[in-house]
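Colleague: Got a minute to go through this model with me? I'd like to start with the ligand and then move on to the helices.
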Amino acid sequence: MEKKRIVSGMRPTGKLHLGHIHGALNNWRSLQKDYQCFYFIADWHALTSEYEHPEIIKQTIKDNLIDWIAIGLDPEESVIFVQSSIKEHAELHLVFSMFTPLPWLERNPTYKEQLKAMPQRDLYTYGFLGYPVLQAADILMYKAHGVPVGEDQSAHVELTREIARRFNHLYSDIFPVPQTLLTPEARILGTDRRKMSNSYNNAIFISDSKEVIKTTVAGMITDPQRARRPDPGRPDYCNVFAFHELYTDKEKVREIEEGCRKATIGCVECKQIMASNLNKALEPLRERRKELEANPKIIEDIINEGNNKAREFARDTMEEVREVIRI
Ligand code: SF4
């Protein structure tokens, strides 16, 4: 039986970090078993906020792709491509923008949040307001049945669903209405307990060296009430403990939990254990990264092949679209 299709993308605005692993990439990797996956580098989306510094985008695309492959996205299983290489996305975006009511975009909660979160950038642009329409084009182009997203992105998928319904109603029933596939893993926080993000300078990057990780973990904020070594701690309030739950074996986690509550383990030692376990988990990725960096042709070939497969699908979809809108 043919697998159902899913589509998801990532903006190349900086190096990838543990938040990307736990918020998306681990899930993307496991979805490959059950779905035909289209995963793309969303470079046009990056341009909506980085239009003054497009050089960031170009540098980042290759680096992000190396992380994707190192983590286990499989170009034999999934179509891995770069959005701007498939010009049909721009055409479908244009068609959708003709009938998408402005209030649908103005009420988008993440639009308002991002305007606030990035005050240093002028985001009062036509492109930024309309990025969910471009997302709808990205998703519907491949007639996706599902879209894997975190909870904070589910409003966008809802908008894509509305655009699909509106297109189907106005012209012809050619787009499946995609389902939201919520990412199961919890979001991992940054070293300062805010959302992990390149712009907050609180991220642990996939490409960080062992030494960098040791230093970064040593600086992590812990339970704010454990000011001195003899104070008992509260693992539930400590971000380091949240990392232990992901990277340390269960028995040791229980030992640390008890030790923290009874103040028999100090934060310095606790962080050293965590950094060492995190480094162990990242070691195979570092090795794979090194191989890919030494052989740039591997990534070039993956992209060329992925672009060709995506383009073929996109061309068919656009032929159907042009036919039903009679242009
Ligand atoms: S001992 Fe570990 S879990 Fe407890 S507060 Fe310190 S770093 Fe956090």
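Colleague: Where does the ligand sit?

Modeller: The ligand sits in the largest cavity. Keep in mind that this is a predicted model.

Colleague: Okay, and which residues surround the ligand?

Modeller: T222, D223, R226, C238, V240, F241, C260, C267 and C270 surround the ligand.

Colleague: How does that shell split by class?

Modeller: The shell around the ligand has six nonpolar residues, two charged and one polar.

Colleague: Which helices each supply at least two residues of the shell?

Modeller: Those are α11, residues 239-247, and α13, residues 267-294.

Colleague: So to the helices. At what angle do α11 and α13 pack?

Modeller: The angle between α11 and α13 is about 40 degrees, and their axes are 10 Å apart.

Colleague: Do we call that pair parallel, or something else, and why?

Modeller: Angles under 35 degrees count as roughly parallel, and α11 and α13 pack at about 40 degrees. The two are therefore oblique to each other.

Colleague: And which hand is the crossing of α11 and α13, left or right?

Modeller: Left-handed: that's how α11 passes α13.

Colleague: Switching to α3, how does that one cross α13?

Modeller: Helix α3 covers residues 54-71, and its axis crosses that of α13 at roughly 130 degrees. The axes of α3 and α13 come within 9 Å. That pair is therefore oblique too.

Colleague: What about the handedness there?

Modeller: α3 passes α13 in a right-handed crossing, whereas α11 passes α13 in a left-handed one.

Note on methods: Residues are numbered from 1 along each chain as its sequence is written. This is a predicted model: local features need pLDDT of at least 70, side-chain atom pairs count only at pLDDT 80 or more; totals for chains, interfaces and linings use all residues. Side-chain values use heavy atoms; hydrogens and water are left out. A residue is near a molecule or strand if one of its heavy atoms lies within 4 Å of it. On a 1 Å grid over the protein atoms alone, a cavity is a set of points where a 1.4 Å probe fits but cannot get out, and a pocket is an open set with protein on both sides within 12 Å along at least five of seven lines; lining residues have an atom within 4 Å of a point. A molecule sits in a cavity or pocket if more than half of its atoms lie within 2 Å of its grid points. Helices (H or I, at least four residues) and strands (E, at least two) are DSSP runs, numbered from the N terminus. Ala, Val, Leu, Ile, Met, Phe, Trp, Tyr, Cys and Pro count as nonpolar, Asp, Glu, Lys and Arg as charged, and the others, Gly among them, as polar. Axes are lines fitted to C-alpha atoms, for helices over the stretch in contact, and angles run from 0 to 180 degrees between N-to-C directions. Angles under 35 degrees count as roughly parallel, over 145 as roughly antiparallel, 65 to 115 as roughly perpendicular and the rest as oblique. A crossing is left-handed if the near helix is turned anticlockwise from the far one by less than a right angle, and right-handed if clockwise.
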